[in-house]
Structure formats: C-alpha cells, structure tokens
Amino acid sequence: MELEHAVTLVLAIDTATPAVTAGIVRVDGLEVLAERVTVDARAHAEQLTPNTVGALADAGLSVDDLDAVVVGCGPGPFTGLRVGMATAAAYGHALGVPVHGVCSLDAIGIETVGEALVVTDARRREVYWARYRDGVRVDGPAVCAPADVPAGAAAVAGSPEHTALFDLPRQAPVYPTASGLVHAVADWTSEPAPLVPLYLRRPDAKPSVVSR
C-alpha cells in the first residue's frame, strides 16, 4: 500500500549494541540534523528517551514534525532490542506515522566499502556477524564463535573489541548510526512490514521434562 505523504524527516533509533542511538535525519540527501549517542550496554532504557528528546531539540524540531521512524531490529540481546523496538512502535502509534525496522548490522555494513565483515557483541564469547559487498549484505546475519565466522572478507567493521579478534584491516563504522539506519530502509513509499526482532538464538529457558 502506498503511503499518503512523502517521508522527509525521520527519527532513527537503535539499541541493538551498547550504543544507545537516536537521531533526526532528512531523507533527501541523508542529511543528519542531529544525533545523540550514549555508549553504555546497561543504559538503553534510561538513555533512549533523553537522547531522542535531545536530538529533536538539537534539530529545532518537535515530534509532530516527524514523518516516520526507523529502528534497528537486531541482532542483539533481548533487553536492548525490546527497549528500542517498543519505543519506536510507541512513537509510531502516537504520531500516526510508519515505523520501519532494519537489520542493525545493515546500518553498519551499508557504510562499508568493498568486501567487509561486520561484527557486534553477541556475548557468550560469540559475535553477531554479516558480510557485505559495497554496502549490500551477501551473507548473514548469523551468530557463532569468532573462529567459526566464514572467511572471505577483506576488511572488518563493528564492535572495537570484536573486530580486534580478526586479522583484517579495520573500516570506520563501529555502531549503527542514524544515517546508516535511514540508508538501510529499502522503500519509503510503501507500508512497512511488522517489526520482527532478530534474536538469532533460541530462548535460554527450556521446557522441563516431566518423568513418569
């Protein structure tokens, strides 16, 4: 279904990594009007709203000026993703604007060049990863130990602690940015699909076995 109004100003948020990101982006030209980022893996719930309000103030705008919201849907830890996606859905519902979900790794990978591997922290001594060719995802997303990530990339980007585990040249993108999130949206003219979190893992809790 075609949207009735053109999308001009977008709120971009991501909480799939330790970076709590909120930014205001003008779609035409991917112009970042304001962006606030707090790097703290335990501050998603506390910092996302202040960062959003601060970015709007920095841009000289109010929520009523927004035409859409884009949110990173992971892969990432359950708690972080829940904060970002719930917040995005709430803004979309309150403002009556579409909410687009994108892969958070794409928001990093789309800013890489050539053959690049993007990795972020999956905890448990594992990484979330995807491979890109000139900014387009060609493999992944997936989760595994760093040693099990398929070879073939010419460079690596993403989490500084985890890029260091790969004997590859580093590229600049570290965390999802507001511009990367907006750039990762394939189509602004149609109704977005429902938000679906990318956990990439089964729940830790398992059904108990009842002995007879």
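**Exercise 1.** In this predicted model, determine which residue of strand 9 stands opposite Ala 116, and place the two strands concerned in their sheet.

*Solution.* Begin with the pair itself: the residue of strand 9 opposite Ala 116 is Ala 155. Next, consider the strands. Strand 6 (residues 115-123) and strand 9 run parallel and are joined by four bridges. Then extend the view to the open sheet, whose four strands follow the order 8-7-6-9 with mixed pairing. Strand 8 (136-144) and strand 9 (155-158) form its edges, each pairing on one side only. From one strand to the next, the twist averages 25 degrees.

**Exercise 2.** Establish whether the length of helix 1 agrees or disagrees with the expected span, and identify what its buried residues pack against.

*Solution.* Helix 1 (residues 44-59) has 16 residues, so at 1.5 Å a residue it should span 22 Å. The end C-alpha atoms are 22 Å apart, which agrees. Now list the buried positions: these include His 44, Leu 48, Asn 51 and Leu 56. The buried residues pack against strand 1 (9-14), strand 2 (19-26), strand 3 (31-39) and helix 2 (78-95). Just after the helix, Gly 60 adopts a positive phi of about 70 degrees.

**Exercise 3.** Identify the element that contributes the largest share of the largest nonpolar core, and describe the surroundings of Val 71.

*Solution.* The core holds 21 residues; Leu 48 and Val 71 are among those touching the most other members. Helix 2 supplies the largest share, five residues. Leaving aside neighbours within four places in sequence, the contacts of Val 71 include Ile 13, Met 85, Ala 88 and Leu 195.

Key:
Residues numbered from 1 in each chain as written. Predicted model: local features only at pLDDT ≥ 70, side-chain atom pairs only at ≥ 80, totals over all residues. Heavy atoms only, no water. Pairing = 2+ DSSP bridges. Axes fitted to C-alpha atoms, helices over the stretch in contact; angles between N-to-C directions. Expected span 1.5 Å × (residues − 1). Buried < 20%, exposed > 50% of the residue type's maximum accessible area, 1.4 Å probe, protein only. Contact = heavy atoms within 4.5 Å. Core = buried A, V, L, I, M, F, W, Y, C linked by side-chain atoms within 4.5 Å.
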